[in-house]
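Good morning, everyone, and thank you for making the time. Please have a look at the structure on the screen, and I will then walk you through some parts of it.

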Amino acid sequence: MSTSSIGVTLERRGVGHIPFGVTTLQGATQTVIEAAVKGVPMPIRLSNAYCVALASTDENYRAVMNGPGVNFPDGTPIPWVMNHGTRVDAPAGRVRGPSLFVEVLDAGRRSNVGHFFLGATEETLTRLVEQVSARFPGIRIAGTYSPPFSPVTEDFYAQCVSKIRKTDAQIVWVALGTPKQDVVGATIAEMAQLPTVAVGAAFDFLAGTVREAPEWVQNSGTEWLFRLATEPRRLWRRYLIGNFQFLRAAYYGRGLRNLPAIEI
């Protein structure tokens with residue numbers, strides 16, 4: 001049965017037009033697990049510099065990012081901006097989407113959390129289930145669905161929610177790419193009355209269908225360069241143009257840095 005919140009007060013700081021929750025990877029992991037166990041229909045977004053850039057020019061996307069749910073800072077530049085020039089006892093940490101995915105899959109076994117994977121291709125989902133089952137014995141995978149690559153319509157949502165409701169899932173992981181996954185995650189959380197987490201390329205990384213950056217690259221703040229080098233045709237605009245838009249949005253939005261805390 002769904003409840004309205006998990007009863008945690010979350011400090012927030014703005015970057016550009018997006019409010020980000022102040023947390024750590026461990027804190028975010030606990031938040032996701034509690035939302036699943038308590039049935040809180042909360043969309044959780046792992047938002048990076050590209051999201052900030054996009055929200056600065058797209059009003060509809062900005063509304064989603066300022067709507068129900070919480071945004072955690074994915075990507076090194078986000079927590080750096082959140083912490084810059086602010087005296088804080090607990091600085092914001094990075095919550096990398098693929099890392100959060102792995103941490104929740106692992107720790108969620110103690111609460112027997114039921115996971116639903118939404119997105120990617122049938123082949124990727126098959127490999128994902130195989131890898132997850134082997135790496136995390138005892139994990140409960142409630143279901144999977146690879147929706148057609150098409151515009152988001154009422155029928156799209158109806159199909160997704162129908163698949164989810166036929167299972168005993170407690171959380172829905174959404175991997176449809178930005179910005180689509182953030183929009184879909186928010187709507188499905190409300191329709192299915194379950195928490196959703198938008199995790200980008202996490203399915204492909206764990207399934208082994210896309211090469212993941214080495215850990216030292218992830219920690220260096222240059223993972224975007226690694227991804228650009230591996231998928232230049234798909235990602236060049238996001239990183240080369242998006243990074244400039246991010247810097248501009250972060251600079252002009254610096255007056256919105258401190259925001260009221262919320263209860264989630």
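**From one residue to the sheets**

I begin with Ala36, which lies in helix 1, residues 25–38; helices (H or I, at least four residues) and strands (E, at least two) are DSSP runs, numbered from the N terminus. Before going on, I should say that this is a predicted model, in which local features need pLDDT of at least 70 and side-chain atom pairs count only at pLDDT 80 or more, while totals for chains, interfaces and linings use all residues. Residues are numbered from 1 along each chain as its sequence is written, and side-chain values use heavy atoms, with hydrogens and water left out.

Is Ala36 buried or exposed? Ala36 counts as buried, because its relative accessibility is 3%, and buried means under 20% relative accessible area, exposed over 50%, and partly exposed in between, with a 1.4 Å probe and protein chains only. If we leave aside its neighbours within four places in sequence, Ala36 is in contact with Val113, Gln170, Ile171 and Pro195, where contact means heavy atoms within 4.5 Å. The C-alpha atoms of Ala36 and Leu194 are separated by 7.3 Å, although these residues are 158 residues apart along the chain.

Turning to the whole chain, the secondary structure comes to twelve helices and nine strands, and 49% of the 264 residues count as buried. Of the contacts in the chain with a separation of 6 or more, 76% are between residues 24 or more positions apart.

Now to the sheets. Strands of a sheet pair through backbone hydrogen bonds, either parallel or antiparallel, and here two strands pair if DSSP finds at least two bridges between them. One open sheet has six strands in the order 4-3-8-7-5-6, with parallel pairing. Its edge strands, which each pair on one side only, are strand 4 (70–73) and strand 6 (140–145). Strand 5, residues 114–119, runs parallel to strand 6 and is joined to it by five bridges, and Gly114 stands opposite Arg140 in strand 6. Helix 8 packs on this sheet, touching strand 3 (43–47), strand 5, strand 7 (171–175) and strand 8 (196–198), and its direction makes about 180 degrees with that of strand 8; axes are lines fitted to C-alpha atoms, for helices over the stretch in contact, and angles run from 0 to 180 degrees between N-to-C directions.

At the strand 4 edge, four bridges join strand 3 to strand 4 in parallel, and the partner of Ser47 in strand 4 is Pro73. Both faces of strand 4 are covered, since Val70 and Phe72 on one side and Asn71 and Pro73 on the other are all buried.

A further open sheet is made of three strands in the order 2-1-9, and its pairing is antiparallel. Strand 2 (18–21) and strand 9 (258–263) are the edge strands. Strand 1, residues 9–15, pairs with strand 2 over four bridges, and Arg13 has Phe20 in strand 2 as its bridge partner.

Finally, which angle do helix 7 and helix 8 make where they cross? The axes of helix 7 (residues 154–165) and helix 8 (residues 180–192) come within 10 Å and cross at roughly 55 degrees. That makes helix 7 oblique to helix 8, as angles under 35 degrees count as roughly parallel, over 145 as roughly antiparallel, 65 to 115 as roughly perpendicular and the rest as oblique.
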